[in-house]
Amino acid sequence: MFRLRRFLKDYKLQLTIGPLCKLIEAIFELLIPLITADIIDNGVRYGDVSYVLQKGGLMVLLGALGLGFALVCQKSASIASQGFGTKVRNALFRHINTLSHNELDKIGTPSLITRMTNDINRLQLAVAMLIRLVIRAPFLVIGALIMAMTIDLRMALIFFGAAILIGLVLFLVMNRSVPFYKAMQKKLDTVSLISRENLSGNRVIRAFSRQDSDEERFQDSNEALTKIAVKAGRLSALLNPLTYVIAQAAIIMVVWFGAGFVFDGELKTGEIIALVNYMTQILLAMIVVSNLVVIFTNASASAARVNEVFDTQPSVQEGKGAQPSADKNTPCVSFEEVSFGYPGSGYALRNITFTLEKGKTLGIIGGTGSGKSTLVNLIPRFYDAAEGTVRVNGVDVRDYTFEELRSHIGMVPQKAELFSGTIRDNMRWGKRDASEEEIVRALRIAQAYEFVQQMPEKLDKRISAGGKNLSGGQRQRLTIARALVAQPSILILDDSASALDFATDAALRKALRDKTSGMTVIMVSQRVGTVRYADKIVVLDGGELAGIGTHNELFHDCEVYREICLSQLKAEEVENK
């Protein structure tokens, strides 16, 4: 947690005023038993009502002042803790957005969500308790011991013995329960993962009638979390009864020995009452300390998880900036002996070399797992090549800033992802000030204009998260339109027409060819019909370049491409007319 203190630098005032106010409240609380003893010994004993009322009024005043200071502390704690949580959450979100796909895949989305919500909430609670109770509780324990010593040193020995025993119980219980709290966080990640998979894949689960087995899987994970929580709870549950037994035993000893001292005239009745009150204060303060230990133990585990994300540095580092080549003959995209492998696995691409001229169309085809999506993901630097160089407009992509590079590229991923809001809002993701005409033009090219016009709200149609209220083909066409609105110089379609029928697919390719002159288009597909009219086709097989050329050239010279063609088309349909 100490490493996260930088997020508290704007709350120094609250961090000072809050504990100070709580300290003053604790001082008032320590004075109450002395006033109570005074009332009993000098007011009640002699029947002096005015003295009782006078001291009683002082107690009320101290209570009111203590309440005022407590409220100031509470407000300071709220401002600091909520502000701290907001800053940590913003910084964490910002840092996550700098990570490459490698790091995101390694940590996992469910775990990141848990860290941004549950873990930061625990840190907020720890900050609030730091201001409200960390000074007050120990001060009450120490103060009560000192006040007991001022009354009678012999009786104070009972207090010291009780405090040591209660502290020993706290140490033993919390030392055993700390590992359980750390394990709970990992189990919570698993529950979050299963919950997310169930919600995002609910249609697949129902399609295969796997609701029962998925519920059983969730229950098993939830029960594992419950078992650890119960074990930690059982240990924590020992705190109150054990501390109460020790404290009550100490109170009995105070009353037992105190009665003898009163009988001998060495102590007054009010002083015994004060000692009992101080013993009660120590008990309550130690219980607060035990709860603080639980809170800070959880917060420590959460802080470690949050710091783990902050410590994770992106493997893809942003370039310093570069100026694209102005030479018209410079290839738009070029791969030079490029190899790439995902962490923990072998090479997904090996020695890929090809060039793509400006304004041309490139088709990329190959079997499942051949590296098609991996290849196009290297162009906008979602990943960095392990070997070789990827160039855009003659410049190594590692020399561009992310904004410079990706402003040239319109990326349409395999999974069509739309965001909650209107169609108009989604269309303006790539160009915030896009006009209605620009949006309509992009929708027409993407073959989405017709179905949008048929909707009563048209561009103001509300889209649910992920576009769940649209069909797969509609989502794909809208994501293509979204990329086109930005008018990129390079358009990458990563198998983004897979849900379209052949007629719509053909119309889309024709519109791209006729209405996007000057735009370089890269089309990834498993359909021969989608790539056959491209100016150049790259054929991948097992991560290696199996062939490159036009449709006719590859059909005659590339065995892999010929097999793909004959598996999808009749022999008489293969040759381009």
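This passage describes the pockets, nonpolar cores and cavities of the structure, which is a predicted model.

A word on confidence comes before the details. The protein chain has a mean pLDDT of 85, and 98% of its residues reach 70 or more. Among the elements of the chain, strand 11 (residues 536–541) has the highest mean pLDDT, at 93, whereas helix 21 (residues 571–574) has the lowest, at 63.

Open space is a good place to begin a tour of the model. The largest pocket holds about 2,800 Å³. Its lining is made up of 50 residues, and those closest to the pocket centre are His101, Phe382, Pro413, Glu417 and Phe419. Several elements each supply at least two lining residues: helix 2 (49–96), helix 3 (101–107), helix 4 (109–132), helix 6 (153–200), helix 12 (402–407), strand 6 (409–412) and helix 16 (472–485). Of these, helix 16 provides the largest share, with six residues. Sorted by class, the lining of the largest pocket comprises 23 nonpolar, 16 polar and 11 charged residues.

The second largest pocket has a volume of about 250 Å³. Here 16 residues form the lining, and Thr361, Arg509, Leu512, Arg513 and Asp535 lie closest to the centre. Helix 17 (502–515), strand 10 (520–524) and helix 18 (528–531) each contribute at least two residues to this lining, with helix 17 giving the most, three residues. Seven of the lining residues of the second largest pocket are nonpolar, six are polar and three are charged.

Turning from open space to packed side chains, the largest nonpolar core contains 44 residues. Within this core, the residues with the most contacts are Met155, Phe159, Val254, Leu275, Tyr278, Met279 and Ile282. Two or more core residues come from each of helix 1 (12–44), helix 5 (136–151), helix 6, helix 8 (211–237), helix 9 (239–263) and helix 10 (269–311). Helix 6 supplies the largest share, 13 residues. Helix 6 is thus a part of two settings, as it also gives at least two residues to the lining of the largest pocket. Val254 offers a look at the packing: leaving aside residues up to four places away in sequence, Val254 touches Met155, Ile158, Phe159, Ala259, Leu275 and Val276. A second, separate core has 33 residues, including Ala442, Leu491, Val521 and Met523.

Enclosed space completes the picture. Two cavities of 30 Å³ or more are found in the structure. The largest cavity has a volume of about 80 Å³ and is lined by Leu493, Asp495, Ser496, Ala497, Ser498, Asp505, Leu508, Met523, Val524, Ser525, Arg527 and Thr530. Met523, a member of this lining, also belongs to the second core. Helix 17 and strand 10 each supply at least two residues of the lining of the largest cavity; these two elements likewise each supply at least two residues of the lining of the second largest pocket. By class, the largest cavity is lined by five nonpolar, four polar and three charged residues.

The second largest cavity encloses about 50 Å³. Leu378, Tyr383, Asp384, Ala385, Thr389, Val390, Asp396, Val397 and Arg398 form its lining, which divides into five nonpolar residues, one polar and three charged.

Key. Residues are numbered from 1 along each chain as its sequence is written. Side-chain values use heavy atoms; hydrogens and water are left out. On a 1 Å grid over the protein atoms alone, a cavity is a set of points where a 1.4 Å probe fits but cannot get out, and a pocket is an open set with protein on both sides within 12 Å along at least five of seven lines; lining residues have an atom within 4 Å of a point. Grid points are joined across faces, edges and corners, and a volume is the space filled by probe spheres set on the points. Helices (H or I, at least four residues) and strands (E, at least two) are DSSP runs, numbered from the N terminus. Ala, Val, Leu, Ile, Met, Phe, Trp, Tyr, Cys and Pro count as nonpolar, Asp, Glu, Lys and Arg as charged, and the others, Gly among them, as polar. A nonpolar core is a set of buried Ala, Val, Leu, Ile, Met, Phe, Trp, Tyr and Cys residues joined through side-chain atoms within 4.5 Å. Buried means under 20% relative accessible area, exposed over 50%, partly exposed in between (1.4 Å probe, protein chains only). Contact means heavy atoms within 4.5 Å. pLDDT is the predictor's confidence in each residue, from 0 to 100.
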